[in-house]
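Trainee: I'd love to go through this model with you. Could we take the pocket and its ligand one step at a time?

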Amino acid sequence: MNNGAGGPAGAPELVVMVGLQGAGKSTWVQRHLASTHAVVSKDHWPRARRREARQQRVVAELLAAGRSVVVDNTNPSPEERAPLVAAARAAGVPVRAVWVDTPLEQCLARNEAREERYRVPLVGVLSARSRFRAPSLDEGFDRVDVVRAGS
Ligand SMILES: Nc1ncnc2c1ncn2[C@@H]1O[C@H](COP(=O)(O)OP(=O)(O)OP(=O)(O)O)[C@@H](O)[C@H]1O
Ligand SMILES: [Mg+2]
């Protein structure tokens with residue numbers, strides 16, 4: 001299976017990470033994309049107002065500058081992913097989803113094992129799970145890669 005790691009720096013693209021809190025998205029991004037892609041996450045601005053709008057603006061600016069970008073959030077629903085797909089379309093670059101498909105129990109266990117200041121409240125994980133829908137080509141992604149334990 002294609003594990004979504006991609007090749008060395010190539011044509012610009014937008015990567016939309018998808019997965020619950022604790023799934024292992026940021027770890028995967030660090031291992032596979034950090035050297036080739038600008039990493040954007042509204043989690044980097046926990047206290048900023050209008051984080052969504054700011055994230056959209058930063059993504060658009062980086063794509064316009066010719067950079068490859070990865071958006072490292074839970075992005076659980078098609079509604080939350082749609083503006084990112086649209087940003088890639090507007091910039092004329094391909095967009096792929098990388099779905100880190102880790103079972104809920106494992107996400108919760110990993111979250112529990114985190115240092116307290118990095119731990120996400122249980123209600124947040126359950127809220128993301130309730131909104132979750134697997135990413136699909138129907139949403140406009142050019143590719144959907146799935147990362148599972150052992151892949
Ligand atoms: N493949 C893996 N095997 C075992 N542990 C892992 C793996 N990937 C990540 N972890 C551990 O699980 C925890 C959560 O990983 P990570 O921070 O990458 O998740 P995340 O999906 O980015 O979560 P969040 O949405 O809250 O940012 C970390 O403590 C990390 O070390
Ligand atoms: Mg993360």
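Trainee: In the lining of the largest pocket, how many residues are nonpolar, polar and charged?

Mentor: Happy to help, and keep in mind that this is a predicted model. Glycine is counted with the polar residues here. On that basis the lining of the largest pocket splits into 15 charged, 18 polar and 14 nonpolar residues.

Trainee: Which helix gives the most to that lining of the largest pocket?

Mentor: Helices H1, H2 (51-64), H3 (78-91) and H4 (104-113) each supply at least two residues of the lining. With eight residues, the one that gives the most is H1.

Trainee: How much space lies in the largest pocket, and which residues are closest to its centre?

Mentor: The space in the largest pocket comes to about 1,200 Å³. There are 47 residues lining this pocket, and the closest to its centre are Gly-22, Lys-25, Ser-26, Asp-72 and Arg-114.

Trainee: What takes up the space of the largest pocket?

Mentor: Good one to ask next. Look at the shell that includes Leu-20, Gln-21, Thr-74, Arg-110 and Val-120. Those residues are around a molecule whose space is the largest pocket, namely ligand 1.

Trainee: How do the residues of the shell around ligand 1 divide, and which helix has the largest share?

Mentor: By class, the shell holds six polar, three charged and three nonpolar residues. By element, the largest share is three residues, and they come from helix H1 (residues 25-32).

Trainee: Which side chain has an N or O atom 2.7 Å from an oxygen atom of ligand 1?

Mentor: Let's go through the contacts. A backbone N or O atom of Gly-22 is 2.9 Å from a ligand 1 oxygen, while the side chain of Arg-114 places an N or O atom 2.8 Å from an oxygen of ligand 1. The 2.7 Å distance belongs to the side chain of Lys-25.

Trainee: And how much of ligand 1 does the protein bury?

Mentor: Start from ligand 1 taken alone, which exposes 640 Å². Of that area, the protein buries 65%.

Methods
Residues numbered from 1 in each chain as written. Chains lettered and ligands numbered in written order. Predicted model: local features only at pLDDT ≥ 70, side-chain atom pairs only at ≥ 80, totals over all residues. Heavy atoms only, no water. Near = heavy atom within 4 Å. Polar contact = N/O pair within 3.5 Å; in protein donor to acceptor, adjacent residues only side chain to side chain. Areas by Shrake-Rupley, 256 points an atom, 1.4 Å probe, with all protein chains shown as cover. 1 Å grid on protein atoms, 1.4 Å probe; cavity = no way out; pocket = protein on both sides within 12 Å on 5 of 7 lines; lining within 4 Å. Sits in = over half its atoms within 2 Å of the grid points. Helix = DSSP H or I, 4+ residues; strand = E, 2+ residues; numbered from the N terminus. Points joined across faces, edges and corners; volume = space filled by probe spheres on them.
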